[in-house]
Every structure is written in structure tokens, then in C-alpha cells.
Amino acid sequence: MNNEDLNQERFKKIAQLLSEVSNLKETDMHILLTLLKNSKVTNSELADILDFKDGNSVTYHTRNMQKEGLIDKYTIIPNWKRAGLSTEFIILAEAENEEQLLQIEKEHVLMAEEYLSNIGEIVVTPTISGCVILQNVYHCFGDKTMAVISGRATSDQDAAVYCKNYLVNRYPDIKISMLLNKYKTVDEFFIDKNAVSKLKELFQVPATKEVTDTLENLKSMSSED
């Protein structure tokens, strides 16, 4: 069995696992995961993976998922570092009470609407030496009331300038924390093999070390009260 066949066997197992607890059947989940890994895969290639007679059956499944809104759009994942936006950051804006955060959200909504009308859909903030581009802005309610902002910047300094000038100075009553992402062992749902390999070297994990109880411990967690 080659590596590609092995990967698809693993995909099949994950699809089966997810189909048991989601609204998707195993076949649809398998298609969805494969497209998530590589949206350029053809219907003919998917048919071979799923042991379908031809690509028409795959088309039937994907069209149904599109009609039901399960597949929203096909997109790309750019390498932002090579594009010149090497810094990936997360900013946590924590409020002491819900009213404070709601005030930030109101201003953010007004800014977003104005930006959308006059400039475009992607929020780019120029700095003296580069720029910051926002990726996600989450409004979170739970144990803590906060906004979570993630994005890319042309440098660590540009991210820090954005955080200070556009958030700290503008909202002095809000607790702001900025985090710079240096490693992502899970990237867009998939384990990053290169990152894991680098971190094994950093943590000096022996290359021959066997995984003994890790998976069993993870499985046992789901059965604990």
C-alpha cells in the first residue's frame, strides 16, 4: 500500500467517525474532507478514491452538498509568508462587562459597513513600514466577554503598531493582549507534519520514540464522566 492509498484509508476512517455524530453520510463526509485537503481534485480522481463507476456520481453528491449549503465556496490557501505578510497574530480584546464590548462591536460594525461601501471586502490597514490585513474578527460570549481578532502583518512591529494605535489608544478601558503565532501543529483542520517534525527537534523527542498510550488516553477521555 503506497502513501496515497494509506492517506485515503485514514480519510475514510475519519469520515466514518464524523458521520456517526454529524448530519452527513460517510460518503459525503469523505468527499468533503478530500476537497478540504485539495479543492483541485477532479471528479474523476474522487471517483477512483471512492470506488465509484465514474465522476457523474461524485457530481451528484457535490451538487447536492452545494444546494444544501454544505459546500459554500471553493477557495485557495495562500502562503502569506511568501507574499510578504510573514507575521500571523491574534489579539484578545477583553472587556470588564458586556456593555463595554458592545460599544466596541457597534463601532466595528459601523467601520466595517463604511469600509465595505467605500473600499472593499478585505480590511487592509496601512502602517508606516507595511500593513495589516484582518483575517477573522470573533465576538465571543462565555466565561469571558471578548473580541478575538486574527490577521497577518508585514512584520511583528507592524502588528504591534496596529494593536497599540488602533486598539489600545482607541479603547483605553479594554484589556488588550497580542499573541504572535509561531507554530501551528494543526492548520485548517489538518495536522502540519513539518511543524510537528520541527517541534520534535525543538523538544528533543527521540525519533524512535513510540506512541504507546497517547491515543488510548485520548479515547478514554470521551468515556469519562
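**Close-up views of a predicted model**

**View 1. Ser19, a buried residue of helix 1.** With a relative accessibility of 17%, Ser19 counts as buried, because the cut-off for that word is under 20% relative accessible area. Ser19 belongs to helix 1. Follow its side chain and you arrive at the backbone oxygen of Gln16, 2.8 Å away. As you look around, please keep in mind that this is a predicted model.

**View 2. Phe11 and Phe190, a stacked pair of rings.** Welcome to one of the 3 aromatic pairs that the structure holds. The ring centres of Phe11 and Phe190 are 6.0 Å apart and the ring planes meet at 25°, so this pair is stacked. The two partners come from distant parts of the chain: Phe11 sits in helix 1 (residues 3-19) and Phe190 in strand 7 (residues 190-191), 179 residues apart. Are Phe11 and Phe190 buried or exposed? Both Phe11 and Phe190 are buried.

**View 3. Lys37 over the ring of Phe190.** Stay with Phe190 for a moment and look for Lys37. The charged end of Lys37 sits over the Phe190 ring, 4.8 Å from the centre of that ring. Phe190 is also the residue whose ring stacks with that of Phe11.

**View 4. Tyr162 and Tyr166, a stacked pair within helix 7.** Here both partners, Tyr162 and Tyr166, lie in helix 7 (residues 156-168). They are 4 residues apart, which is about one turn of the helix. The centres of the Tyr162 and Tyr166 rings are 5.4 Å apart, with the planes at 25°, so this pair too is stacked. Tyr162 is buried, with a relative accessible area of 7%, whereas Tyr166 counts as partly exposed at 36% relative accessibility.

**View 5. A cluster of rings with Phe89.** Which residues do ring pairs link into a cluster? They are Phe89, Tyr162 and Tyr166. You have already met Tyr162 and Tyr166 in helix 7, and this view brings in Phe89 as a member of the cluster.

**View 6. A nonpolar patch on the surface.** Now we turn to the surface, where Tyr183, Leu202, Phe203 and Val205 form a nonpolar patch. Together these residues have about 430 Å² of accessible area. Where along the chain is Phe203? Phe203 is in the loop between helix 8 (193-202) and helix 9 (214-221). With a relative accessible area of 59%, Phe203 is exposed, because exposed means over 50%.

Note on methods:
Residues numbered from 1 in each chain as written. Predicted model: local features only at pLDDT ≥ 70, side-chain atom pairs only at ≥ 80, totals over all residues. Heavy atoms only, no water. Phe/Tyr/Trp six-rings, centres within 6.5 Å; stacked < 30°, edge-to-face > 60°. Helix = DSSP H or I, 4+ residues; strand = E, 2+ residues; numbered from the N terminus. Buried < 20%, exposed > 50% of the residue type's maximum accessible area, 1.4 Å probe, protein only. Lys NZ or Arg CZ within 6 Å of the ring centre and 35° of its normal. Patch = residues over 30% accessible without salt bridge, like charges linked within 9 Å, V, L, I, M, F, W, Y side chains within 5 Å. Areas by Shrake-Rupley, 256 points an atom, 1.4 Å probe, with all protein chains shown as cover. Salt bridge = Lys/Arg side-chain N within 4 Å of Asp/Glu carboxyl O. Polar contact = N/O pair within 3.5 Å; in protein donor to acceptor, adjacent residues only side chain to side chain.
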